[in-house]
Amino acid sequence: LTAGVGLAAIALGAVSVVIVATSIAVSSHIVARGRYSNYPSVGWALAVGGLMVAFGLSMLLLGVMPNE
């Protein structure tokens, strides 16, 4: 019935799904209350995006480096 996972693990997973779904629903209400007449420039968005890519690539590199 539980494919060897166990009822406690399945119950914990079900509760986790409800918590995540509730967080998403609450977040959508928070975002809906915002005012979005001012926003960053395209240059700012590209710079931040580039920095995020650089950070991600450096973390990937650190993650695949052999431990000494």
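This is a short dialogue on reading a predicted model of one protein chain.

Biologist: How many helices and strands does the secondary structure of the protein chain come to?

Modeller: The chain has 2 helices and 0 strands. Helix α2 covers residues 42–64.

Biologist: Is the chain spread out or compact?

Modeller: The radius of gyration can be set against what the globule rule gives. Here the radius of gyration is 21 Å, well over the 11 Å that the rule gives for 68 residues, so the chain is more spread out than a compact globule. Along the principal axes, the C-alpha atoms fill a box of roughly 55 × 50 × 15 Å.

Biologist: What percentage of the residues count as buried?

Modeller: A residue counts as buried when its relative accessible area is under 20%. In this chain, 0% of the 68 residues count as buried. About 6,300 Å² is exposed, and carbon and sulfur atoms supply 74% of that area.

Biologist: Why does Gly 49 count as partly exposed?

Modeller: Partly exposed lies between the 20% and 50% cut-offs. Gly 49 has 28% relative accessibility, so Gly 49 falls in that class. Its place is in helix α2. The C-alpha atom of Gly 49 is separated by 39 Å from that of Ala 11, and the two residues are 38 residues apart along the chain.

Biologist: Which residues make the nonpolar surface patch?

Modeller: The patch is made by Val 53, Phe 55, Leu 57, Met 59, Leu 60, Leu 61, Leu 62, Val 64 and Met 65, and has an area of about 930 Å². Val 53, one of these residues, is found in helix α2.

Notes
Residues numbered from 1 in each chain as written. Predicted model: local features only at pLDDT ≥ 70, side-chain atom pairs only at ≥ 80, totals over all residues. Heavy atoms only, no water. Patch = residues over 30% accessible without salt bridge, like charges linked within 9 Å, V, L, I, M, F, W, Y side chains within 5 Å. Areas by Shrake-Rupley, 256 points an atom, 1.4 Å probe, with all protein chains shown as cover. Salt bridge = Lys/Arg side-chain N within 4 Å of Asp/Glu carboxyl O. Helix = DSSP H or I, 4+ residues; strand = E, 2+ residues; numbered from the N terminus. Rg over C-alpha atoms; globule rule 2.2 N^0.38 Å. Buried < 20%, exposed > 50% of the residue type's maximum accessible area, 1.4 Å probe, protein only.
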